[in-house]
Amino acid sequence: MKIYFTKKTIFPLIIIGILAGLILIAQHSLSIYQIGLLSLVGINAILVISLNITNGYTGLFSLAIGGLMGISAYVSGLLTLSTDYKAINLPDLPQWLIAAQWPLLPALLVGASITVVIGTLFHWPSLRLKGHYFALASLAFTEIVRLLASNMKKITRGALSLTGVASLSNLWWIYGWLVIEVLVVIQLFRSRHGRALIAIRDDEGLAQLKGINVAFYKAFAFMISAFFAGVGGALWVHYTNIVSPSSFRLAVIFTLFIMFTIGGKASISGSIIGAVIITLLPQILRPLEEGSVIFGINVPELYGLTQLILAVFLILLLIKRPQGIFGGRELSFKWLERQFKGLFSSD
Amino acid sequence: MMSTQLSTILQQIVNALTIGSIYALLAIGFSMVYGVLRLINFAHGDVFMLGAYFAFLVFQALESKFLTGILLAVVLTGITGLIIERAAFRPMRGAPEGNLFISSLAVSMLIQNGVIMILGPQPQSFLIPGFLGKSINIGDVVITNIAITIFVVTIILLIILVLFLTRTKLGISMRATASNLDACHLMGINVNIAIAVAFGVSSLIAGVGGILWATRYTIFNPFTGAVPGIKAFIGALIGGIGSLQGAVIGGYLLGMLEVLVVILLPPEFAGYRDVFVFLMLIVTLLVRPQGIMGKTEK
C-alpha cells in the first residue's frame, strides 16, 4: 500500500488547515476595515512572490509587473462588470462583452491568461537582453500599457477610470490563490526546472554551457510570474472596485519592490513578511500624514510622508542589509534557532 | 509668402529643437552617471524638477534678480546631486546593478514626496522677465525668445562641458573613470571624487534644464520631472549611453520623433505619441543596444 501521508505532504496540509481556520475566525470576528487590510496583505503577497519568481529566483530584472497587473485588472474587471454599467458607460464595446457578466473565477483565469499571452509576446524578443537593458524594456511595457489604458477610452474610459467593479475578492479567494502560488513556487524550485532557473541567475554563461536552454527557461519563468501577476491584478481590482491608468504608475511598482527587497531574493516567507510590513506600515503612519495631535504636539498635515519614510527605509536597507531580512533563505525554526544562538554566543 | 505647409514644417522644426535641447541636457546627465557607475539614475528627472523648484524658492525668499536667482538655483541643484551621490549611492558601491537601480528609484520617490510634503502637490510657477515672453515672426513661423534662449543656452553649456571634459584634470579623470574604473584605482586617480563630479555636473546641467522647462511651460509640479526624465534616458540610450555626442544626438532625435509623430498622425491619435517613444526604445534595445555612437560593452 502506498503511503500518502508522509512528512512532506502532511505538513502543508496542516498549514492549509490552520489557515482555513484562521480565515473563518477572521471573517466572524474582525471589522470590515481589518478584513480589507488582510485582503490587501494577501494580494500584495501574491504580487511580490510573482516579482520574486523573475527578479529573485531567475535574475531577470523586470519592471513589467505594473503592466501585467494592469492588463489583467482591466480584462477581468470588464468581464465581471454588470451589463447595465457597460451599456451606459461603455456603449462602444462589442455586444457579447456588454452582455457578459461573469463570476470571478473564469474572469480571473481569462484575465491572467491574456496577461501571460500579451506579456510574453511583448517580452519575447527582449528576453535575450541582460541586466538593466531588460529592465528598461519591461519598463517600456508597463508605460505602454498605461498609455494605451489612458487613450483607449472606448474600452477603459481612460482617466475617468473603470468604476463599479463588484467586490468579488474575499479572503478565501485571495488566500486560496496565495497558497496555490506558494505550492507552485516550492514545487518548481525543488525540481530540475527550478534549479535551471537558479543556475541562470548565478551564471548565465555557465548555465548555457551545461546545456540549459536559457531562452526557454527565461520565457518559462516570465510566464509563470506573469500568470500570478495577472491573478494578483484581477483579485486587486475586485477588491478596490476601481481601476485607472494611474493605478499602475511607478510609485505602485516601487512599493512592491520595497516588499521584495525587505524579504530578500528567492525567499517566499520573506516576500510574505515584506508584504505584511509594508501594507500595514502606512496604516500606522496615516494619522501623521493627516495631521493630528501626538504627545501633545500639533503635527501639521504631511502628505507624502509615508512614501518618504518608505524611501529612506529602502535606501538604508539596501546599504545595511542588501540581501533582505532572510537573504535567500526561508523562515524556519532551524534558521530562527541559529539566529538566536548567534545572538547569545556573540558576547 | 511661404506656403502654409512649409511654414508648418519649419514651425515644428523649431519646436523639435526646443524640446530636443532640453532632452539633450538631461540625456547628458544620464550618460555621464551611467558612464562612471553603470547606473540608470532614475532620480535624474526629479533633480531636473528640483531645479525649477529651487528657482521658485530663491525668487520667493530673496526677491533677487532673474539671472542671479537662476545661478543660485542651479548651484543648489548641483549640491543636491552631490548629496544624493554621497548618501544613496556611495555606501553601496560594488552592489549589484539591480540594487543601485532600486536605490535610485527610492531617491526619486524621496524627492517627489519631499516636495509634496513641504510645498504641496499643486502646480507652481515663477515670474519670468518680459522679454522672454516676446517672439519673432518669420513669415508664419513663430520663434519665441524662450525657444532661442533654450537653444543658445544648450549650445553654450555643451561647449563648456566639452572644454571641461577635455581640458581640465577633473574632467579627464572623470572620463578615465568611465572607461576603466579598476585601472583608475591603480593609476592613483581618486575615483570617489570623479564619481561625485559626474553627479554634481550632471545635476547642474539638469537644474538648468529644469529651469528652462519651467520658463517654457510656465508651470511645474512635483511630478514634472518623471516623463522628461524617462524620455531623456531613452534619448541617451538611442544615442549610445556613455557617449556625450550620443546623448546630444539622442536628445535631439527624440525631440524630432515626437514632433514627427504629431505631424504624421491624425489628431485623434495624439495621445499615443509617447507609445512611439517607448517602441523606439524597444527597437533600439533589440537592434542596436549600444546605441548610435556607443561601443559594445564587454
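In this predicted model, Ser135(B) sits across from Thr144(B) of strand β2(B). The two residues belong to a pairing in which strand β1 (residues 135-138) and strand β2 (residues 141-144) of chain B run antiparallel, joined over four bridges. The strands form a hairpin with two residues between them, and Gly139(B) there adopts a positive phi near 65°.

Around this hairpin, chain B is built from helices. Its secondary structure amounts to 12 helices and two strands, and reading from the N terminus the order is α-α-α-α-α-β-β-α-α-α-α-α-α-α. The radius of gyration of chain B is 19 Å, close to the 19 Å given by the globule rule for 298 residues, so chain B is as compact as a globular protein of that length. Along the principal axes, its C-alpha atoms fill a box of roughly 65 × 50 × 35 Å. Of the 298 residues in chain B, 48% are buried. Contacts in this chain often link distant parts of the sequence: among those with a separation of 6 or more, 75% are between residues 24 or more positions apart.

Helix α2(B) offers a clear example of a covered element. Its 19 residues reach 27 Å from the first C-alpha to the last, close to the 27 Å expected at 1.5 Å a residue. Most of this helix is covered, with 14 of the 19 residues buried. Which residue follows α2(B), and what is the sign of its phi? The residue is Glu63(B), and its phi is positive, near 50°. Just as notable is the loop that leads into this helix, between α1 (4-37) and α2 (44-62) of chain B, where Arg38(B) is located. Arg38(B) also has a positive phi, near 55°, although it is not glycine. Most residues other than glycine have a negative phi. Is Arg38(B) buried or partly exposed? It has 17 other C-beta atoms within 10 Å and is therefore partly exposed, since being buried would take 20 or more.

Further along chain B, Leu170(B) belongs to helix α7 (residues 169-179). Because 16 other C-beta atoms lie within 10 Å of Leu170(B), this residue is partly exposed. Its C-alpha atom is separated by 22 Å from that of Ala88(B), a residue 82 positions away along the chain.

Chain A can be described in a similar way. It has 16 helices and two strands, and 42% of its 347 residues are buried. Of the contacts in chain A between residues at least 6 apart in sequence, 78% join residues at least 24 apart. Helix α6 (residues 104-123) of this chain has 20 residues and spans 28 Å between its first and last C-alpha, close to the 28 Å expected at 1.5 Å a residue. Among the buried residues of α6(A) are Ala107(A), Leu108(A), Gly111(A), Ala112(A) and Thr115(A). An α-helix has 3.6 residues a turn, so residues three or four places apart point the same way. Which elements do the buried residues of α6(A) pack against? They pack against α3 (65-80), α7 and α12 (214-240) of chain A.

Chain A has its own arginine with a positive phi: Arg157(A), at a value near 65°. This residue is found in the loop between α8 (153-156) and α9 (171-190) of chain A. With 18 C-beta neighbours inside 10 Å, Arg157(A) counts as partly exposed.

The two chains also meet each other. Their contact takes 33 residues from chain A and 30 residues from chain B. On the side of chain A, the elements that give two or more residues are α7 (131-151), α13 (250-263) and α15 (305-320). The largest share, 12 residues, comes from α7(A). By class, this side of chain A has 25 nonpolar, seven polar and one charged residues.

Finally, the largest nonpolar core comprises 182 residues, of which Ile46(A), Ile65(A), Ile28(B), Ala55(B) and Ala198(B) touch the most other members. Helix α1(B) supplies the largest share of this core, 16 residues. Apart from its neighbours within four places in sequence, Ile65(A) is in contact with Leu47(A), Ser50(A), Leu51(A), Ala229(A), Ile253(A) and Leu256(A).

Definitions and conventions:
Residues are numbered from 1 along each chain as its sequence is written. Chains are lettered from A and ligands numbered from 1 in the order in which they are written. This is a predicted model: local features need pLDDT of at least 70, side-chain atom pairs count only at pLDDT 80 or more; totals for chains, interfaces and linings use all residues. A residue is buried if 20 or more other C-beta atoms lie within 10 Å of its own, exposed if 12 or fewer, and partly exposed in between; C-beta atoms are placed from the backbone. Two residues are in contact if their C-beta atoms, placed from the backbone, lie within 7 Å. Ala, Val, Leu, Ile, Met, Phe, Trp, Tyr, Cys and Pro count as nonpolar, Asp, Glu, Lys and Arg as charged, and the others, Gly among them, as polar. The expected span of a helix is 1.5 Å times one less than its number of residues. Two strands pair if DSSP finds at least two bridges between them. The radius of gyration is taken over C-alpha atoms; the globule rule is 2.2 Å times the number of residues to the power 0.38. A nonpolar core is a set of buried Ala, Val, Leu, Ile, Met, Phe, Trp, Tyr and Cys residues joined through C-beta atoms within 7 Å.
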